[in-house]
Amino acid sequence: MIYDSLNHLELYKGLSEDIYEGLKFLRGVDADMPEGVYHINPRVKAIVSTYDTKRQNENGYEAHRANIDIQYLISGSEKIACLPVEKLVETKPYTDETDAAFYSSDIDIPSQEMLLGDDYFAIFFPQDGHMPQLCIDTPTPVKKVVVKVLL
């Protein structure tokens, strides 16, 4: 998992060409960008969506096997809870169609929480269980980009 500001974009240039392309794409998004899917290159796409944040995500934690997620808010702010997949209990098995398995936590350690918004992004790898779409105080509308980078 990586959590940082786009102000430090150049630090990730050597991490992966595809991840770097996804991060550069985020530099060009704005509040007027229409919802939909944007193909950045054959291995990278961005999905722009709007929704209201929630007090609890009914799906629980999620993790992906075929893609790395880069999550970034165009407008609004949200909290994401994170725990390593090996500390979670699978509640819904992985499917290729959704590239996701879902999990719950039955351990007594608090999740790591990060705030998206104000130019901050998060990168989630297959071992990173993450529960997005959580409100910080009260549910509010957000506009989000999730960049999917094929492994």
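**The largest pocket, two cysteines and a loop**

Six strands each supply at least two residues to the lining of the largest pocket, namely β2 (36-41), β3 (44-52), β5 (67-75), β8 (100-104), β11 (128-134) and β12 (141-150). Before I go further, please keep in mind that what we are looking at is a predicted model.

Staying with that pocket, the space inside comes to about 510 Å³. Its lining is made up of 27 residues, and the ones closest to the centre are Ile47, His64, Asp69, Val146 and Lys148. Which strand gives the largest share of the lining? That is β3, with five residues. As for the chemistry of the lining, sorting by class gives nine nonpolar, ten polar and eight charged residues.

Let me turn to the cysteines, since someone at the bench will want to know about disulfides. The count of disulfides in this model is zero. Why is Cys82 not bonded to Cys135? The closest cysteine sulfur to that of Cys82 is indeed the one in Cys135, but it is 16 Å away, which is too far for a bond, given that the two sulfur atoms would have to lie within 2.5 Å to be counted as a disulfide. Looked at from the other side, Cys135 is in no disulfide either, the nearest cysteine sulfur being that of Cys82. Are these two cysteines buried or exposed? Cys82 has 5% relative accessibility and counts as buried, and Cys135, at 6%, also counts as buried, the cut-off for that class being under 20%.

Next, the aromatic side chains, where the model has three aromatic pairs. One of them is Phe25 with Tyr38, whose ring centres are 6.0 Å apart and whose planes meet at 45°, so this pair is classed as tilted. Phe25 belongs to helix α1 (residues 17-27) and Tyr38 to strand β2, so the pair ties together parts that lie 13 residues apart in sequence. Tyr38, with 24% relative accessibility, counts as partly exposed. Strand β2 has already come up, as one of the strands that supply at least two residues to the pocket lining.

Finally, I would like to draw your attention to the loop between β9 (112-116) and β10 (120-124), where Asp118 lies. Asp118 has a positive phi of about 50°, although it is not a glycine, and with a relative accessibility of 74% it counts as exposed. Asp119 is in the loop between β9 and β10 as well, and here too phi is positive, at about 75°, in a residue that is not a glycine. Asp119, however, is partly exposed, its relative accessible area being 23%.

Methods. Residues numbered from 1 in each chain as written. Predicted model: local features only at pLDDT ≥ 70, side-chain atom pairs only at ≥ 80, totals over all residues. Heavy atoms only, no water. 1 Å grid on protein atoms, 1.4 Å probe; cavity = no way out; pocket = protein on both sides within 12 Å on 5 of 7 lines; lining within 4 Å. Points joined across faces, edges and corners; volume = space filled by probe spheres on them. Helix = DSSP H or I, 4+ residues; strand = E, 2+ residues; numbered from the N terminus. Nonpolar A, V, L, I, M, F, W, Y, C, P; charged D, E, K, R; others polar. Buried < 20%, exposed > 50% of the residue type's maximum accessible area, 1.4 Å probe, protein only. Phe/Tyr/Trp six-rings, centres within 6.5 Å; stacked < 30°, edge-to-face > 60°.
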